[in-house]
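Work through the exercises below with the sequence and the model open. Each task is followed by a solution in steps.

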Amino acid sequence: MDAVLSTLFYSEGAEIYTLDCMAYFMLFMAACTSVTLLFVNVPYGRYTSSKYGFPVDARVAWFVQEMPAFFVPLCLLLWTTTANTSVLPNQMLIAMYFCHYFQRSLIYPFLIKGGKPTPFASFALAFVFCIYNGYMQIRYLSHYAEYPEYWVTHPCFLTGSVLWLVGWLMNVHSDHILRNLRKPGETGYKIPTGGMFEYVSGANFLGEITEWVGFALAGHSIHSLAFAIFTTVVLSSRAVSHHKWYLTKFENYPRSRKALIPFLF
Ligand SMILES: NC(=O)c1ccc[n+]([C@@H]2O[C@H](COP(=O)([O-])OP(=O)(O)OC[C@H]3O[C@@H](n4cnc5c(N)ncnc54)[C@H](OP(=O)(O)O)[C@@H]3O)[C@@H](O)[C@H]2O)c1
């Protein structure tokens, strides 16, 4: 794999320049996406539509589209020269990333119950995004990111790590609640209760946003920041859409529940 990278980049300077450009491009895409999402919902799940291509079974879509987010980084760690994987801050950040994507790509898809098919366009975009982001995060952390050893005791790293952990637990717990709303064979929707759903309609999204904001705080790089912002744009829009959808669908939907931020929004 080193040979592939050296064919693509004539020097390490060229590769880190590319990684930085990728992060800025992700920020640009986040801005474009935030405007687009004012007019349309990302078309999958309850907003799935045949306008965006043929339907891909939900479990297959989630497994295949998320797989590169785990395997591209794994290949980078196993088969490229990694200058910084022996340093504790880098190791911890890489572990956070893998913990999330081990669950998301190898466990989550197989637990889905009655999920709506994903249109091909959404599936293909998610697949490309996972390759792009997987390479950007882990190549940067494994080879280029330089942190002093004491960074693990810095307030930014400590706060970010705690946020990451709280967010991850909230995300996994909230997805578990949603999954258990359906009995075998059911595909309809019910009002979620328990955990952070008592406060917000998008509890799983709040968890995921908190996770990647924590990761960005701990990682202190443009690459992790771009991912946190992109995630926030996509998932906050989805939380707001779900919240409005619940309010129109269920007359008895709890009125005190907010869309994304408890008590506020
Ligand atoms: N990092 C990122 O940029 C990013 C982007 C997208 C998603 N994600 C993460 O991926 C996970 C799934 O995202 P998602 O957008 O698919 O979440 P979602 O719309 O909340 O749906 C999650 C699952 O629960 C089911 N479900 C949702 N609400 C339900 C209800 N009221 N009653 C019964 N079943 C319900 C859905 O079924 P249906 O398919 O039938 O709706 C789907 O299988 C989340 O943890 C999210 O944070 C991350």
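How many residues of the shell around the ligand are nonpolar, polar and charged?

The model is predicted: local features need pLDDT of at least 70, side-chain atom pairs count only at pLDDT 80 or more, and totals for chains, interfaces and linings use all residues. Residues are numbered from 1 along each chain as its sequence is written.

**Exercise 1. Describe the shell around the ligand.**

Step 1. Classify the residues: Ala, Val, Leu, Ile, Met, Phe, Trp, Tyr, Cys and Pro count as nonpolar, Asp, Glu, Lys and Arg as charged, and the others, Gly among them, as polar. The shell then has nine nonpolar, seven polar and seven charged residues.

Step 2. Find the nearest residues, where near means that the C-beta atom, placed from the backbone, lies within 6 Å of the molecule. Of the 23 residues around the ligand, those that come nearest are Gly45, Gly115, Leu178, Tyr189 and Glu208.

Step 3. Assign elements, taking helices (H or I, at least four residues) and strands (E, at least two) as DSSP runs numbered from the N terminus. Two or more shell residues come from each of α7 (155-179), α8 (203-219) and α9 (222-249). The most come from α9, which gives four.

**Exercise 2. Characterise the packing of α9 against α2 and α6.**

Step 1. Two packed helices are described by the angle between their axes and the distance between the axes. The axes are lines fitted to C-alpha atoms, for helices over the stretch in contact, and angles run from 0 to 180 degrees between N-to-C directions.

Step 2. For helix α2 (residues 12-36) against α9, the angle is about 15° and the axes are 9 Å apart. Angles under 35 degrees count as roughly parallel, and α2 and α9 are therefore roughly parallel to each other. Their crossing is left-handed (the near helix is turned anticlockwise from the far one by less than a right angle).

Step 3. List the contact, which requires C-beta atoms, placed from the backbone, within 7 Å. Residues of α2 in the contact include Leu19, Asp20 and Ala23, and those of α9 include Ile222, His223 and Phe227. The contact of α2 with α9 divides into 13 nonpolar, three polar and one charged.

Step 4. Repeat for helix α6 (residues 120-144): its axis and that of α9 come within 9 Å and cross at roughly 145°. This crossing of α6 and α9 is also left-handed. Asn133, Met136, Gln137 and Tyr140 of α6 make the contact with His223, Ser224 and Phe227 of α9. By class, these residues are three nonpolar, four polar and no charged.

**Exercise 3. Characterise the packing of α4 and α7.**

Step 1. Helix α4 (residues 88-106) and α7 pack at about 10°, with axes 11 Å apart. The two helices are therefore roughly parallel to each other.

Step 2. Pro89, Met96, Cys99, His100 and Gln103 of α4 meet Phe157, Trp164, Trp168 and Val172 of α7. This contact of α4 with α7 holds seven nonpolar, two polar and no charged residues.

**Exercise 4. Set the UniProt annotation beside the model.**

Step 1. An unreviewed UniProt entry lists "transmembrane region" for several spans, including 92-112 and 212-235; annotations may be inferred rather than shown by experiment.

Step 2. Residues 92-112 are 90% helix and 0% strand, with end C-alpha atoms 29 Å apart. Residues 212-235 are 92% helix and 0% strand, with end C-alpha atoms 12 Å apart.

Key:
Near = placed C-beta within 6 Å. Parallel < 35°, antiparallel > 145°, perpendicular 65-115°, else oblique. Contact = placed C-beta atoms within 7 Å.
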